[in-house]
2 protein chains.
Amino acid sequence: MELDQRKLRILQAIIDDYILTAAPVGSRTISKRADFNISSATIRNEMSDLEEMGYLEQPHTSAGRVPSNKAYRLYVNRIMQRAQLNDEERKIIRSYFFQRIDQVEGLVRQTATALSDITKYTAMVLPPQLNTVRIRHVQIVQINHERALLVLVTDTGMLRDVMLRLPEGMSGRDVERFSNRLNFILKDMRLDQLAIDEVQLLSEEMNEQRQFFQTVLDSLEQQMRSNAQKVELSGATNILFYPEYNNMEKAKSFLAALNTEGTLYQMLKRASKLEFSISIGDENEAPELSDCSIVTATYRMGSEPMGSFGVIGPTRMHYNRMLSILEYMRLSLSEALAGLIERDGDNKV
Amino acid sequence: MELDQRKLRILQAIIDDYILTAAPVGSRTISKRADFNISSATIRNEMSDLEEMGYLEQPHTSAGRVPSNKAYRLYVNRIMQRAQLNDEERKIIRSYFFQRIDQVEGLVRQTATALSDITKYTAMVLPPQLNTVRIRHVQIVQINHERALLVLVTDTGMLRDVMLRLPEGMSGRDVERFSNRLNFILKDMRLDQLAIDEVQLLSEEMNEQRQFFQTVLDSLEQQMRSNAQKVELSGATNILFYPEYNNMEKAKSFLAALNTEGTLYQMLKRASKLEFSISIGDENEAPELSDCSIVTATYRMGSEPMGSFGVIGPTRMHYNRMLSILEYMRLSLSEALAGLIERDGDNKV
DNA sequence: TTTAGCACTCGAAATATTCGAGTGCTAATC
DNA sequence: GATTAGCACTCGAATATTTCGAGTGCTAAA
């Protein structure tokens, strides 16, 4: 059977209606629409065909039809047209980024809030995976005789700290000297290269403190790794407002899936390789999310992808609207990020 | 009417049963209990009295009885006996604090996780309100020609940072000098006294950079204030497993209340003035939480209260168990905190 | 190929029925 | 006077029944 122009139009009408109402769509609903001049009987025949082709499903004999995941996929790939945001909407999005935000963490959080506020879905943001970031400054501040805090400032203005246990018998003077030496060695080093030979080589110079140096590097690296895997979530409970989650079991399992360590991180990490990604129903890796859809976009700094962000909601999602929102928002986000970080040009002090 | 011994025993039995089953308790259930030798008819009479006194409520004529908030209050104040944790339970609690945690934020998070895991309620932790903390070290690290990061290390090993916009024409040399001067002035200062006269006086010395100094202090102070108001939550969705929240509307409004900025913070802040606090139903300030109960404990460092933490769950809460768990856990927490911070004795380097 | 017409289907909502846990009251008993 | 066996009564939860109508598929005519 062929998927001709009319079938496509009907399918689109059904999907549009279903996305709006979440109720099975009947033949009459479609035939009544002003832009169709076809009787409901004809629509019925077409619908029957569409069902046979796997694009529609019938919850029960005497109900209307519901789009299948295959239909959403077709819709996304071939039917849907990009929605235009109007000025009002753009303004609202921008307004979230207007306020004074001066740390990356704050920007990430604000983005998540904006996205979930605007879309009414659950928003998630993978923070910038700044692995090419360079170390601007390292300092060890002694806290007491056995502890010290290693503070690291990157050229993007981000801060990392690691609590250190000092080797016995290390004096305040030693710590200071060590700190200076460490700063000299690590300065301008890329964060993802701490484990590399060159550094090891340099460490040769540190003779007696060699062991300690190694420990410091190790804990630093470990901290970097673990810290990066957080995903900022917002509006997790928005899902409760959609009728398909108006049932405790589903709601519970959805919320549980969000709380599962790593799931979202994995997804967003993978999505960072694409400009946009749309994953519908059981296309999702996580089986708990097999009746959700996820739409993401990747944001950049300059030409380099920094991370991705997106929404997660019911499969009857406003796909086209999401793409427009994400597209616009990633501009705002990239801009804000660039404004925050400003690595280019005059960053040599 | 008088609340004699027998009435108390019956009330306790009803409460115990209700806490366990969440179902209205009938007279027979009580009279069948081995330790009662009273017929159900007698129990009925007593129950009728208890209802008249406001300790019991009847969902409808032919149902059993449910304890009222007044009953829980009585239970907490007069009836309940402290539960003893067994070794197994203590071990489990301790195990959460065994792993290497070396930052206050991590400790706070871990405490919340432990508490919600163990109790199956929603856990919340107010991070240490370290307002008597002293500044150990301040440094300004320049990021580019117009931005710099102020990094502040406290004597508790906590880090705070503020992004600064440099005044025009301030050279790298200037920044360095300013940084040193700032460190000299602020070192050993208490965080909650940044706005105080003495500091203002000292700032006199800073002649041309006076204005900038003021700006720095302001942003620092503002950051301190805003940063402290976060409450660590864990297990927010645990509530969904209790039958009283097996209804979307209630679940939604509960989750919404948790997300409302400030509600929990206010509560915990207030609770920090007491060793333990129990707030039942509409004793809660927030009307959205008027069918929850909240049990909190305050943890200390030395003799000084640092913050409070606790659980929020249905009014039929295991009050005595909660108190025991919180009591034990605040020991672990206080210890871990002290181990982390170690301000006493040899902290002069 | 389209469509009017009609019998048919089936779930949702409304209504009725059954069931039993639990009550309150009374009268007998301790 | 306090306790209790006994019994009629209550009322919601669970289950069954009915009603209703949106929607279907099929047929025959246009």
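Before the first view, a word on classes: Ala, Val, Leu, Ile, Met, Phe, Trp, Tyr, Cys and Pro count as nonpolar, Asp, Glu, Lys and Arg as charged, and the others, Gly among them, as polar. The model shown in every view is predicted.

**View 1. The protein surface near DNA strand C.** With those classes in hand, the surface near DNA strand C breaks down into 12 polar, 5 nonpolar and 3 charged residues. In total, 20 residues surround the strand, and the closest are Ser39(A), Thr61(A), Ser62(A), Gly26(B) and Ser27(B). Helix H3 (40-52) of chain A, helix H2 (27-32) of chain B and helix H3 (40-52) of chain B are the elements that give two or more residues to this surface. H3(B) supplies the largest share, 4 residues.

**View 2. The open sheet of chain B.** Here you can follow 5 strands in the order S7-S3-S10-S9-S8, with antiparallel pairing. Strands S7 (232-234) and S8 (276-280) of chain B each have a single partner strand, so one side of each is left without a neighbour in the sheet. From one strand to the next, the twist averages 15°.

**View 3. Strands S3 and S10 of chain B, with helices on the sheet.** Zooming in, S3 (residues 122-125) and S10 (residues 304-314) of chain B run antiparallel and are joined by 4 bridges. Look for Val125(B), which stands opposite Phe309(B) in S10(B). Helix H6 (residues 104-119) of chain B lies across S3, S7 and S10 of chain B, at about 155° to S3(B). Helix H11 (residues 263-271) of chain B also packs on the sheet, where it touches S3, S8, S9 (292-301) and S10 of chain B. The direction of H11(B) makes about 55° with that of S9(B).

Definitions and conventions:
Residues are numbered from 1 along each chain as its sequence is written. Chains are lettered from A and ligands numbered from 1 in the order in which they are written. This is a predicted model: local features need pLDDT of at least 70, side-chain atom pairs count only at pLDDT 80 or more; totals for chains, interfaces and linings use all residues. Two strands pair if DSSP finds at least two bridges between them. Axes are lines fitted to C-alpha atoms, for helices over the stretch in contact, and angles run from 0 to 180 degrees between N-to-C directions. Two residues are in contact if their C-beta atoms, placed from the backbone, lie within 7 Å. A residue is near a molecule or strand if its C-beta atom, placed from the backbone, lies within 6 Å of it.
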